[in-house]
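Trainee: Can we go through this one together? I'd like to start with how the chains meet.

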Number of protein chains: 2
Amino acid sequence: MVALAGGGGGAKLAHGLLRALPPGALTVLVNTADDFTIHGLHVSPDLDTVLYTLAGLANPQTGWGLAGDTYATLEMLARYGAADTWFQIGDRDFATHIFRTQRLQAGEPLSAVTAALASALGVPATLLPMTDTPVATVVETDAGHLAFQDYFVRRHHSDPVRGLTFAGIAEAQPPLGLGPALAEADAVVFCPSNPLVSIGPILAVPGIRDRIAGCRAPRVAVSPIVGGKALRGPADQMLATLGHEVSAAGVARIYAGLIDGMVIDEADAALAPQIADLGMRVAVAPTVMHDEADRAALAEVVLGFCATLLGEAEA
Amino acid sequence: MVALAGGGGGAKLAHGLLRALPPGALTVLVNTADDFTIHGLHVSPDLDTVLYTLAGLANPQTGWGLAGDTYATLEMLARYGAADTWFQIGDRDFATHIFRTQRLQAGEPLSAVTAALASALGVPATLLPMTDTPVATVVETDAGHLAFQDYFVRRHHSDPVRGLTFAGIAEAQPPLGLGPALAEADAVVFCPSNPLVSIGPILAVPGIRDRIAGCRAPRVAVSPIVGGKALRGPADQMLATLGHEVSAAGVARIYAGLIDGMVIDEADAALAPQIADLGMRVAVAPTVMHDEADRAALAEVVLGFCATLLGEAEA
């Protein structure tokens, strides 16, 4: 199975899928367009959230970082007057960025460093950065063009988003491991991550959209919009200001032509007919993940839905 | 006053001098030949020891690092299988290296970064790296040529030293601040640091030896060898294998022609006549610094000795 994910809800469902599948069966294709450099270190927020979540080390309170992490390094950096101490990095989290930066500077590709990190933490899944070359989401706002973390963390995603560009996307290439993973996949899952700035950049890497479009396996998306709201983050405001309907149906329209099925929350059951009209199957289920049991339950729904679609396709 | 120092004992005396002098009166010229890169970060062990010691933040147990520092980052790096986790770096210590590395990569000279660190920690002294360009002590041993920290930390300075070279020394230039500091100085103090690998590289920077030789102020060294032994570290073994006498007199011979006076420990009082025969004055005093009171007492001895020499020179 191949799952596309950003951080947050995407990582949670990926974790549910990991638990439900045999070891080694899951490949997670992760957004890297919000990667950035801070304190001279390369930080990959979505890769880290997926890594920590799949390793069972994520901080359940914050949605980012490691559970129980401490902040001695960051506090000392603040004492030195370092710039950008608004971005919270724990001591153990710093180790991830230090390790990654050193390996990248030594010439190793991001995909190899990511594999080393996942292996070291005993994650029985393949984590694939969407590309090895730098891509940077630039957010157009009334305050000007903002780097993604500037928009997202520093300014608390409070600026209305007028446009999005992914700098470097034209030169990006899909990871080498994606072709084989898609060829063997029984399903492709679009996790409930922001369709515009998490899944969007992944699909914008030249070649990835076409490969998914041409994939024989059923492709299923889980809506990150429930009852007209994003569970976390600015997806709802961003959809609105960029002219999309702020609903599971709006998300389905973004993915239309690329997916075979959509999982929507029970709260959105009434949207099922109009989503079906887009040419996809719809599954209605509880999709809000408060705890690990919720992740497991949603993973079972997704796997069952995929199996149904696969059975129908083969019939 | 200008003090030349490595880490350890040198930093302790510098701290004593700092406390005894008016704010801003002390310039410490620090060895950087044991600087190295680890985890992709630029580490300046002697600068850090002097910085932390003068800021009152040094770990009194270890002689390096920050008091009460924690090790979460290093433990996580070890979990990732990072190389070189034998070099102990605490979480707050990592902040120093991260801050410095980022500034250096942005093109700032080491001297400017050092000044920023000292200022941030409220150190009322000028810390001058011996040079802004990279110099690396290479230790010739029976096991081959070793990088300094490899010899010193990883192999616990257990290899007999057959030779020392300072790679990059020919291109090194003295810091810009040294000339004015020496011109204004009432005294130059060679702190009780290793004469071969701490004070040695400082004097080997083209121009520094000549400037000190031509300085009008009295120049005084404090012996790091007491009773034929180094208080800490491998200075005694290193002196022996490189053909020097392992005594305060042996150290005095290394500095002969460059200093006007030598402070030796009471345990070495019998060496005073032969040191005086080298053409320098000798002061005998307790030189072992167990606590801050010892640092203050030795600083008073050194300042008194310098004042005496200055008075004689002016008379």
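Mentor: We'll take the contact between chains, then the core, then one residue; keep in mind that this is a predicted model.

Trainee: Okay. How many residues does each chain give to the contact?

Mentor: Chain A gives 28 residues and chain B gives 28 residues. The area buried between them is about 2400 Å², and carbon and sulfur atoms give 67% of that.

Trainee: Which residues of chain A lose the most area to chain B?

Mentor: Arg79(A), Tyr80(A) and Ile98(A), which together make up 27% of what that side buries.

Trainee: And how many salt bridges across the interface?

Mentor: The rule finds 0 salt bridges between chain A and chain B. There are 4 residue pairs in polar contact between these chains.

Trainee: Which element gives the most on the chain A side?

Mentor: α4(A), with 9 residues. By class, that side of chain A has 17 nonpolar, 8 polar and 3 charged residues.

Trainee: New topic. Which residues have the most contacts inside the largest nonpolar core?

Mentor: Leu13(A), Leu17(A), Leu13(B) and Leu17(B), in a core of 114 residues. Leaving aside neighbours within four places in sequence, Leu13(A) is in contact with several residues, including Val189(A), Met289(A) and Val302(A).

Trainee: Last one: is Ile225(B) buried or exposed?

Mentor: Ile225(B) counts as buried because its relative accessibility is 0%. Ile225(B) sits in strand β11 of chain B.

Trainee: What does Ile225(B) touch, not counting residues up to four places away?

Mentor: Among them are Ala230(B), Leu239(B), Val251(B) and Asp268(B). Val251(B) is 26 residues away along the chain, with 7.6 Å between its C-alpha atom and that of Ile225(B).

Methods:
Residues numbered from 1 in each chain as written. Chains lettered and ligands numbered in written order. Predicted model: local features only at pLDDT ≥ 70, side-chain atom pairs only at ≥ 80, totals over all residues. Heavy atoms only, no water. Core = buried A, V, L, I, M, F, W, Y, C linked by side-chain atoms within 4.5 Å. Buried < 20%, exposed > 50% of the residue type's maximum accessible area, 1.4 Å probe, protein only. Contact = heavy atoms within 4.5 Å. Helix = DSSP H or I, 4+ residues; strand = E, 2+ residues; numbered from the N terminus. Buried area = accessible area lost by both parts, 1.4 Å probe. Salt bridge = Lys/Arg side-chain N within 4 Å of Asp/Glu carboxyl O. Polar contact = N/O pair within 3.5 Å; in protein donor to acceptor, adjacent residues only side chain to side chain. Nonpolar A, V, L, I, M, F, W, Y, C, P; charged D, E, K, R; others polar.
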